[in-house]
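This report describes one protein chain, from its overall make-up down to a single residue. The sequence and the model come before the description.

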Amino acid sequence: MIVDTGRRRLAEMITAINSVNNQTNSFKWIRVGDGGSATSMNETSLNSQVGDAISVTPSLAGHTLLYEIEIDGSTISANQISELGIFDAEEGGVMLCRVNFNPIGPLTSGETLTFHFRLEIE
C-alpha cells in the first residue's frame with residue numbers, strides 16, 4: 001500500500017513540482033489524436049496524433065494532478081479527436097497515460113475545446 005504522503009511525492013515527481021529529486025522532465029505535454037482503439041497498459045503512443053503537442057502545467061491537489069487543457073480548433077483543423085495522452089516530451093518521450101472517448105469535432109478555427117483531466121495517484 002502506498003500511503004498518502006508517498007502518493008503526493010509520486011505526484012510531485014510526475015509534475016516536477018518543487019523540483020523533487022532534480023526531476024527535469026515533467027508530464028506536461030498533451031497530445032490529441034483521432035485513434036479509437038481501447039486503452040492498454042502496453043501502449044507507448046497515441047494511435048494517430050492530430051496537431052501539435054500542447055504544454056500544460058498541472059496543479060496538484062493532494063495526490064491528484066489536475067490538468068486544464070484548452071485546444072484551439074485551428075490546431076486540429078477539420079479533424080475529429082477521440083484520444084488524449086500525457087507525455088514527458090514535446091515529441092517522442094514517455095507516455096504517462098492515454099484516454100479514449102467518443103469523437104469530438106471537427107472544430108472551426110474560432111472554437112476552443114476545454115478538457116478538465118484529473119489523474120489520481122493511487
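The chain exposes about 6,900 Å², and carbon and sulfur atoms supply 46% of that area. These values come from a predicted model. Of the 122 residues of the chain, 39% count as buried. Among the contacts in the chain with a separation of 6 or more, 67% are between residues 24 or more positions apart.

**Elements**

The chain has 2 helices and 7 strands. Read from the N terminus, the elements follow the order α-β-β-β-β-α-β-β-β. Strands of a sheet pair through backbone hydrogen bonds, in either a parallel or an antiparallel way. Two open sheets are described here, one with 4 strands and one with 3 strands.

**The sheet of 4 strands**

This open sheet has the strand order 2-1-5-6, and its pairing is antiparallel. Its edge strands are strand 2 (49–55) and strand 6 (95–104), each of which pairs on one side only. From one strand to the next, the twist averages 20°. Strand 5 (residues 81–87) is joined to strand 6 by 6 bridges, and these two strands run antiparallel. Phe87 stands opposite Met95 in strand 6.

**The sheet of 3 strands**

The other open sheet has the order 3-4-7, and its pairing is antiparallel. Strand 3 (59–61) and strand 7 (112–120) stand at the edges with a single partner strand each, so one side of each has no neighbour in the sheet. The twist in this sheet averages 25° from one strand to the next. Strand 3 and strand 4 (residues 64–72) run antiparallel and are joined by 3 bridges. Leu60 has Leu65 in strand 4 as its bridge partner.

The table sets out the two strand pairs for which bridges were given above.

| Strand pair | Bridges | Direction |
|---|---|---|
| strand 3 and strand 4 (residues 64–72) | 3 bridges | antiparallel |
| strand 5 (residues 81–87) and strand 6 | 6 bridges | antiparallel |

**A residue in a loop**

Where is His63 found? His63 lies in the loop between strand 3 and strand 4. Is His63 buried or exposed? The relative accessibility of His63 is 15%, and because buried means under 20%, His63 counts as buried. Leaving out residues up to four places away in sequence, His63 touches Asp4, Arg7, Arg8, Ala11, Leu119, Glu120, Ile121 and Glu122.

Methods: Residues numbered from 1 in each chain as written. Predicted model: local features only at pLDDT ≥ 70, side-chain atom pairs only at ≥ 80, totals over all residues. Heavy atoms only, no water. Pairing = 2+ DSSP bridges. Axes fitted to C-alpha atoms, helices over the stretch in contact; angles between N-to-C directions. Buried < 20%, exposed > 50% of the residue type's maximum accessible area, 1.4 Å probe, protein only. Contact = heavy atoms within 4.5 Å. Areas by Shrake-Rupley, 256 points an atom, 1.4 Å probe, with all protein chains shown as cover.
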